[in-house]
Amino acid sequence: MPKPLLFLDVDGVLNPVCPHPDAGFDSHTLLGCAVLLAAEHGAWLRELAGTYELVWASTWEEHANTHIAPAIGLAPLPFVRFTGYVPQPGDPRVRLMELFSAAKWAPLLRYAEGRPFAWVDDVIPSRLVRRSLWRRDRLLLPIDPGQGLERRHVERLLARPPRSRPLLGAQVRGSAAS
């Protein structure tokens, strides 16, 4: 069985807005932008790779492999393409108020193709977070963009990774065997 996916945002997650001065972030100029990155995040993500298949879910797209991954000691990762995404039949409906915050939702669902996943981002609509609370195949983990990814988030991801929902037939067979 494949590992669950872990969709990773960059800005606000690995590149926080105003982290604590002692948090170990180094400033980099990448693509003309000031970016704060911490080697510790790379170590945490390598640890998470034992449980998850890591995937960039950032508007950095392939540039995350060129600029972010080497800076934190990660190998290149697959990425979700958001640029130029054209809504498709069957995409979830997005409320007008959530057009920006939910713009990644349909591409993430399409990329996952039904696989269990966790999504770590600083911009996740609270409605989606609430709806995922009762699903065992999805974990949506909003991050405070000021501080970025913290060890407690890693612990949460490791404690209960998303898993496939059992098929109804498997549930019935399992019940009969008990």
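Here is a short chat about the strands, helices and cysteines of this predicted model.

Q: Before we start, what kind of model is this, and how are residues numbered?
A: It's a predicted model, where local features need pLDDT of at least 70, side-chain atom pairs count only at pLDDT 80 or more, and totals for chains, interfaces and linings use all residues. Residues are numbered from 1 along each chain as its sequence is written, and side-chain values use heavy atoms, with hydrogens and water left out.

Q: Cool. What's the strand order in the open sheet?
A: The order is β4-β1-β5-β6, four strands with parallel pairing. Strands here are DSSP runs (E, at least two residues) and helices are too (H or I, at least four), numbered from the N terminus. Two strands pair if DSSP finds at least two bridges between them.

Q: Which strands are at the edges?
A: β4 (53–56) and β6 (138–142), each pairing on one side only. From one strand to the next, the twist averages 15°.

Q: And how many bridges link β1 and β4?
A: Four, in the parallel sense, with β1 covering residues 5–8. F7 has V55 in β4 as its bridge partner.

Q: What about β2 and β3, parallel or antiparallel?
A: Antiparallel: six bridges join β2 (residues 25–30) to β3 (residues 33–38). They form a hairpin with two residues between them, and L31 in the turn has a positive phi of about 50°.

Q: Which residues in β3 sit across from S27 and T29?
A: S27 stands opposite L36, and T29 has A34 as its bridge partner.

Q: Switching to helices: how do α1 and α5 cross?
A: The axes of α1 (residues 39–48) and α5 (residues 151–159) come within 11 Å and cross at roughly 5°. Axes are lines fitted to C-alpha atoms, for helices over the stretch in contact, and angles run from 0 to 180 degrees between N-to-C directions.

Q: So what do you call that arrangement?
A: Roughly parallel. That's the word for angles under 35 degrees; over 145 is roughly antiparallel, 65 to 115 roughly perpendicular, and the rest oblique.

Q: Which residues meet there?
A: W44, E47 and L48 in α1 meet R151, V154, L157 and L158 in α5 (contact means heavy atoms within 4.5 Å). They divide into five nonpolar, no polar and two charged. Ala, Val, Leu, Ile, Met, Phe, Trp, Tyr, Cys and Pro count as nonpolar, Asp, Glu, Lys and Arg as charged, and the others, Gly among them, as polar.

Q: Last one: how many disulfides?
A: Zero, taking a disulfide as a pair of cysteine sulfur atoms within 2.5 Å.
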